[in-house]
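Trainee: I'd like to learn how to read helix packing. Could you walk me through it with an example?

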Amino acid sequence: MNSHPIDIKINPKHTNRRIWLSSASKYLFSLSTVFALVVLGVLIYRIVSDSIGWLNFDFLTNNLSIFPEKAGIKGAIIGSVGLMLVVIPVTLILGVSTAIYLEEYAKKGKLQRFIQINISNLASVPSVIFGLLGLAVFGRALNLGSSILAGGLTLSLLVLPIVVVSSQEALKAVPGFLREASYGMGAGKWTTIRKVVLPVALPGILTGSILAMSRAIGETAPLVVLGIPTLILKIPSSPMDDFTALPIQIYYWTLDTVLTAEYANLAAATIIVLLGVLFILNSVAIVIRNKFQRSF
Amino acid sequence: MNQQHKSETVYEVKGLNLWYGDDQALKDINLKIGKNEVTAIIGPSGCGKSTFIKTLNRMIENIPIVRTSGEILYHGDNIFDKTVRVEELRTKVGMVFQKPNPFPKSIFENVVYGPKIHGIKDKALLMEIAETSLKSAALWDEVKDRLNDNAYGLSGGQQQRLCIARALAVQPDVILMDEPTSALDPIATAKIEELIDTLKEEYTIAIVTHSMQQAGRISDKTAFFLMGELIEFDRTEVLFSNPRDKRTEDYITGRFG
C-alpha cells in the first residue's frame with residue numbers, strides 16, 4: 001500500500017515547537033481572562049468595602065439630604081423607575097414596529113439598505129450626542145425641560161436602535177418554512193406575522209429589549225446634558241416633574257467627595273443598588289432566553 | 001357519477017411562462033388537471049417542477065423577482081386576474097411541503113390554525129374539525145390522547161401527516177404536494193402514499209416527486225418536465241410503458257437525471 005503520493009516524515013523538532021505553541025497560547029488567553037476578572041474583583045471589593053454600613057433599608061427609603069447620615073436614594077429610585085416606565089413602552093412599540101416593517105414589509109432595495117445602515121450606525125453614536133438631541137427636541141422645542149418625560153424620551157432614542165436591530169435579528173431567525181406553511185393555508189401577511197412569526201421571535205425580542213433597558217437605566221451622560229438638577233429634595237409625582245436617577249446620583253456624589261468625604265460611601269452604596277438592578281434585569285433576560293429556546 | 005367527476009377540469013394551464021429575474025424557469029406550459037385525479041410531476045432537479053406546483057397557488061410570488069405570463073384557469077377563472085385574492089385561492093388550494101413544517105404549537109393548535117384564521121371560534125366545532133382532519137390524515141389514533149402536546153414531539157412521518165391534516169382542516173378543493181416524502185423513511189413514505197390514495201376520493205391532488213416509482217404507484221397522470229419545458233403529459237401507465245418522446249424514455253429508464 002504505497003499509493004500515497006507524499007511521504008510525510010515526522011520531525012520531532014517541529015512537533016515540539018507545535019506542542020509548545022499550543023500550551024503557550026492557552027496560558028496567554030487564560031491570562032487575559034484572569035486580568036479582566038481581577039479588575040472586576042478589585043472594583044467590586046472597593047465598592048463593597050466603601051458601602052459597608054451605609055447600605056441599609058433607611059438608605060433606600062430616605063429622601064435626599066445634605067447630611068450624609070440622613071441621605072437616602074428614594075428619589076433616585078423613583079426617578080429611575082419613572083424613566084423605565086417611559087422607556088419601556090416607547091422603545092417596545094416603536095422599536096418592534098420598526099423591526100417588523102424593515103424585516104417583513106420593506107422592499108429589499110437601496111432605500112431599505114440605507115435605513116438599515118443608518119440604524120446600525122445610530123446604535124454606536126455616543127450617548128452624549130443623544131443627550132444634546134434630547135435637550136434640543138424634548139427639553140427646548142417641546143418645552144419638557146428636565147422632566148421625567150424628557151429624560152425618558154431621550155433615553156428611548158438612545159436605546160431604540162439596539163431594540164430595532166435585536167428585534168430584526170429575532171425576526172430573521174424565524175424559519176421561512178413556518179411563514180410558508182401559514183401563507184399556504186390562505187393566511188394574510190399580518191395574520192402570519194401575528195400568529196406565527198411574532199410568537200417564535202418573542203424570546204429574542206424580549207432578550208434584546210431587556211438588555212437595551214439595562215443600558216438605559218445605567219446611562220448618565222444624556223441626563224447630565226439634559227440638565228437634571230444637582231439636588232432634588234422633592235420626590236417626583238408626575239412625568240412632568242423634575243427628577244434624579246440612580247446614575248445621576250452616583251455622578252453628583254462622586255463629584256462632591258472633595259467637600260464631604262462621606263459622599264464617597266453614599267456613591268458606593270448607590271452603585272451597589274444600581275448593579276443589583278442590572279443584575280436582576282440581565283438574569284431575567286437569560287431566564288427568558290433559556291425558557292423559550294426552541295429548536296427546529 | 002364518478003365518471004362525470006373525472007372529466008371535470010379543475011386546473012387548465014395555458015401558455016404559462018415564468019422567469020426568475022432574467023432566467024426563464026417555465027416555458028410555455030399547457031396542461032389540464034381533472035377533478036379527483038392525482039397528477040404526478042416528475043423530472044430531474046432544476047427542471048421547474050417545484051416552481052410549477054408553487055405557481056398553482058401563487059406561492060411562487062413570495063419570491064420578489066418572479067414574473068409570469070400566460071394563464072392558469074382554476075375552475076375557469078384566471079388565478080392571475082387582479083380580482084383574485086391569493087388568500088382565498090390558497091384556502092381552496094392547500095399545500096404540503098417538502099420538509100414537514102408544523103408550527104411550534106400543540107398538535108391541536110396546528111390543525112385548527114387554518115379554521116381559526118378564517119374566523120371559527122367555537123371550541124366544539126374546532127374540536128370536531130380537528131378530529132375529522134386528523135382522521136382523514138390517518139393520524140387520529142396515534143395522537144388522540146395527546147392533542148395538547150407539542151407537535152415537535154412527533155416523528156417526521158407523523159409531522160408530515162399532521163401538516164396534511166392541517167391543510168385538510170380548511171376544506172380545500174386541491175392539495176398540492178411538493179416532494180412530501182423526500183425527508184421521510186420508507187415506512188412513513190408508504191403511509192403517506194396510502195393516504196394519498198384515499199384522499200383522492202375527495203380531493204384533487206398534484207404531487208411533485210423525485211421518485212418515478214412513487215409516481216407510478218400513486219398517480220393517474222404524469223407530467224414530465226425537463227429544463228422548464230413540459231415534455232410529455234399523459235396517463236401514468238401510458239407515459240411509463242409507452243413514452244412518445246425520446247427524452248421521457250431516457251429519463252424513466254434511468255439514462256439521465
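Mentor: Happy to. Let's begin with a pair of helices in chain A: α1(A) and α11(A) make a left-handed crossing. Keep in mind that this is a predicted model.

Trainee: How do people describe two packed helices?

Mentor: In general, you give the angle between the two axes and the distance between them. Here, α1 (residues 12–51) and α11 (residues 262–292) of chain A have axes that come within 8 Å and cross at roughly 120°.

Trainee: Which word fits the way α1(A) and α11(A) lie to each other?

Mentor: Angles over 145 degrees count as roughly antiparallel and 65 to 115 as roughly perpendicular, with oblique kept for the rest. α1(A) and α11(A) are therefore oblique to each other.

Trainee: Which residues make the contact between α1(A) and α11(A)?

Mentor: From α1(A) you have A:Ile47, A:Val48, A:Asp50 and A:Ser51. The partners on α11(A) include A:Ala264, A:Asn265 and A:Ala268. Sorted by class, that contact has seven nonpolar residues, two polar and one charged.

Trainee: Now give me another pair. How do α6(A) and α8(A) cross?

Mentor: Helix α6 (residues 148–172) and helix α8 (residues 189–217) of chain A have axes that come within 8 Å, and the crossing is at roughly 150°. So α6(A) and α8(A) are roughly antiparallel to each other. The crossing is right-handed. On the α6(A) side, look for A:Leu155, A:Leu158 and A:Ile162, among others; on the α8(A) side, A:Val197, A:Ala201 and A:Gly204 are among the residues in contact. The classes come out as twelve nonpolar, five polar and two charged.

Trainee: And what about α3(A) and α6(A)?

Mentor: Helix α3 (residues 74–105) of chain A and α6(A) come within 6 Å, axis to axis, and cross at roughly 35°. α3(A) passes α6(A) in a right-handed crossing. Their contact has 18 nonpolar, ten polar and three charged residues.

Trainee: Where does the record put the transmembrane regions of chain A?

Mentor: An unreviewed UniProt entry annotates residues 27–48, 77–102, 114–138, 144–165, 196–217 and 263–288 of chain A as "transmembrane region". You can then check such stretches against the model. Residues 27–48 of chain A are 100% helix and 0% strand, with the end C-alpha atoms 31 Å apart. For residues 114–138 of chain A, the figures are 84% helix and 0% strand, and the end C-alpha atoms are 26 Å apart.

Trainee: Let's zoom out. How is chain A divided into domains?

Mentor: The domain assignment gives domain 1 (12–51) and domain 2 (58–292) of chain A. The C-alpha centres of these two domains of chain A are 34 Å apart. Four residues of domain 1 of chain A are in contact with six residues of domain 2 of chain A. The domain 1 side of that contact has two nonpolar, one polar and one charged residues.

Trainee: Last one: how many residues does each chain bring to the contact between chain A and chain B?

Mentor: Chain B brings 17 residues and chain A brings 15 residues. On chain B, α3 (86–92), β6 (93–96) and α5 (113–117) each supply at least two residues of the side that touches chain A. α3(B) gives the most, with four residues. By class, the side of chain B that touches chain A has eight nonpolar, five polar and four charged residues.

Key:
Residues are numbered from 1 along each chain as its sequence is written. Chains are lettered from A and ligands numbered from 1 in the order in which they are written. This is a predicted model: local features need pLDDT of at least 70, side-chain atom pairs count only at pLDDT 80 or more; totals for chains, interfaces and linings use all residues. Two residues are in contact if their C-beta atoms, placed from the backbone, lie within 7 Å. Ala, Val, Leu, Ile, Met, Phe, Trp, Tyr, Cys and Pro count as nonpolar, Asp, Glu, Lys and Arg as charged, and the others, Gly among them, as polar. Domain bounds come from an automatic or database domain assignment. Axes are lines fitted to C-alpha atoms, for helices over the stretch in contact, and angles run from 0 to 180 degrees between N-to-C directions. Angles under 35 degrees count as roughly parallel, over 145 as roughly antiparallel, 65 to 115 as roughly perpendicular and the rest as oblique. A crossing is left-handed if the near helix is turned anticlockwise from the far one by less than a right angle, and right-handed if clockwise. UniProt positions are given in the numbering used here, feature names are shortened, and annotations may be inferred rather than shown by experiment.
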